[in-house]
Amino acid sequence: MASELHETIFMAKQERHKNLFLNYRNLNIFPVELLKDEGLQFLERLYMKRNSLTSLPENLAQKLPNLIELSPGSIWMWPSWMVLQTFLWYLHSNNIVIIPEAIGNLAKLQSLDLSDNALQVVCPEIGRLRSLRHLRLANNRLKFLPPDLGRSRELQFVFVDNNIHLKGLPSYLYNKVIGCSGCGSSMQVLDAKLLSVSLGDVSIPLPAEVKAIGSEAELVLPLEELAMRSLYSSFSLLLRKPDFLPPMALPRSLLELLYCPLGHCHRCSQAMFTIVYPKLFPLRETALAGVHGRTTVSFVAYCCSGQCMRTFDLQS
């Protein structure tokens with residue numbers, strides 16, 4: 001197998017291939033032959049599907065400067081990812097557990113396939129991907145989705161089928177093409193570290209960043225949440241500058257939230273940081289019931305206040 005791999009890479013260098021297929025090679029580390037000498041500077045597409053890779057070399061972009069498509073990979077690690085022109089990622093059938101937060105910087109990413117991995121969490125930064133149109137997260141271990149997932153109008157296709165612990169979908173996905181068969185079928189006890197909201201006998205876990213749950217009757221926000229919203233309103237434009245530092249000391253957890261809020265209100269788009277006011281809409285009671293059949297999945301409207309929670313309408 002090693003000699004065959006060496007010969008494949010050698011021929012690609014000699015003949016200046018633009019496409020290189022290294023699928024089904026049982027690789028658990030990135031082949032060092034790809035980074036040696038010259039010859040692969042013409043390579044544009046590298047396919048490494050169904051291997052066991054968990055990371056890629058940090059100097060990959062330097063050694064393969066013309067690479068525009070990678071399957072699978074960790075493109076967010078690359079120091080020069082900004083130069084890439086085409087982003088079509090097919091990372092399915094590997095052992096990916098975590099999506100790094102830096103993925104939110106990939107403004108040109110259009111299609112992302114993370115099906116058949118071991119994901120338990122999808123970072124909120126996914127909601128920043130302005131060009132993302134197709135997202136596949138089927139057959140993972142997800143328990144919740146980022147509240148902002150679907151906020152972008154570009155995102156039209158989201159497939160999360162067979163995540164058996166996933167019982168809540170952000171209400172932004174109501175008007176998208178979604179796949180959610182097999183979701184919410186687990187009877188396992190909820191993670192005690194996650195807050196949840198209940199509807200009948202169904203409990204829906206909320207994102208780990210949610211520290212408190214509000215109700216329709218509440219009229220006053222917690223002081224910490226008010227302070228974060230005020231800071232964000234004052235410095236949101238400056239936060240986009242890489243060298244900006246807030247004029248006051250904040251705990252690291254709150255500083256990270258300031259740069260990437262938990263989500264935005266599904267009613268008025270107000271940024272939210274520690275508390276949400278969730279409103280549930282069982283999918284089986286919506287107009288989509290005929291499409292998805294029997295399911296326990298619900299749409300979750302993440303609102304910023306009791307007033308927005310009261311006035312939110314899923315179909316408006």
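This note goes through the fold, a pocket, the cysteines and several single residues of a predicted model.

1. **Ground rules.** The model is predicted, so local features need pLDDT of at least 70, side-chain atom pairs count only at pLDDT 80 or more, and totals for chains, interfaces and linings use all residues. Residues are numbered from 1 along each chain as its sequence is written, and side-chain values use heavy atoms, with hydrogens and water left out.

2. **Overall make-up.** The chain has six helices and 16 strands. Helices (H or I, at least four residues) and strands (E, at least two) are DSSP runs, numbered from the N terminus. The chain has 316 residues, and 50% of them count as buried. Buried means under 20% relative accessible area, exposed means over 50%, and partly exposed lies in between (1.4 Å probe, protein chains only). Take the contacts between residues at least 6 apart in sequence: 47% of them join residues at least 24 apart. A contact here means heavy atoms within 4.5 Å.

3. **Second largest pocket.** Its volume is about 390 Å³. The residues closest to its centre are Ser171, Tyr172, Asn175, His266 and Ser316, out of 17 that line the pocket. By class, the lining has five nonpolar, seven polar and five charged residues. The terms are as follows. On a 1 Å grid over the protein atoms alone, a pocket is an open set of points with protein on both sides within 12 Å along at least five of seven lines, whereas a cavity is a set where a 1.4 Å probe fits but cannot get out; lining residues have an atom within 4 Å of a point. Grid points are joined across faces, edges and corners, and a volume is the space filled by probe spheres set on the points. Ala, Val, Leu, Ile, Met, Phe, Trp, Tyr, Cys and Pro count as nonpolar, Asp, Glu, Lys and Arg as charged, and the others, Gly among them, as polar.

4. **Cysteines.** The structure holds zero disulfides. The cut-off is a pair of cysteine sulfur atoms within 2.5 Å. Cys180 is in no disulfide; its nearest cysteine sulfur belongs to Cys183, 5.6 Å away. Cys180 is buried, at 4% relative accessibility. Cys304 is also in no disulfide, and the sulfur of Cys268 is the nearest to it, at 3.6 Å. Cys304 is buried too, at 5% relative accessible area.

5. **His264.** This residue sits in strand E13 (residues 263-264). It is buried, at 11% relative accessible area. Its side chain makes a polar contact with the side chain of Asp148 (2.7 Å). A polar contact is a pair of N or O atoms within 3.5 Å; within protein, one must be able to donate a hydrogen and the other to accept it, and residues adjacent in sequence count only if both atoms are side-chain atoms. Leaving aside neighbours within four places in sequence, His264 is in contact with residues including Asp148, Arg151, Tyr172 and Tyr302.

6. **Lys13.** This lysine is in helix H1 (residues 2-14). It counts as buried, at 17% relative accessible area. Its side chain reaches the backbone oxygen of Glu33 at 2.8 Å.

7. **Positive phi.** Most residues other than glycine have a negative phi. Tyr24 has a positive phi of about 55 degrees. Tyr24 lies in the loop between strand E1 (19-21) and strand E2 (45-47), and is exposed at 53% relative accessibility. Asn162 has a positive phi near 65 degrees. Its place is the loop between strand E7 (157-159) and strand E8 (168-170). Asn162 is partly exposed, at 36%.

8. **Val300.** Strand E16 (residues 298-303) holds Val300, which is buried at 1% relative accessible area. Val300 and Pro147 are 153 residues apart along the chain, yet their C-alpha atoms are separated by 8.3 Å. Leaving aside neighbours within four places in sequence, Val300 is in contact with residues including Ser171 and His266. Ser171 and His266 are also among the residues closest to the centre of the second largest pocket.

9. **Two buried loop residues.** Met48 lies between E2 and helix H2 (60-63) and is buried at 0% relative accessibility. Met48 and Arg25 are 23 residues apart in sequence and 8.0 Å apart, C-alpha to C-alpha. Ser152 is in the loop between strand E6 (134-136) and E7, and is buried at 18%. Not counting residues up to four places away in sequence, Ser152 touches Leu129, Arg130 and Lys176.
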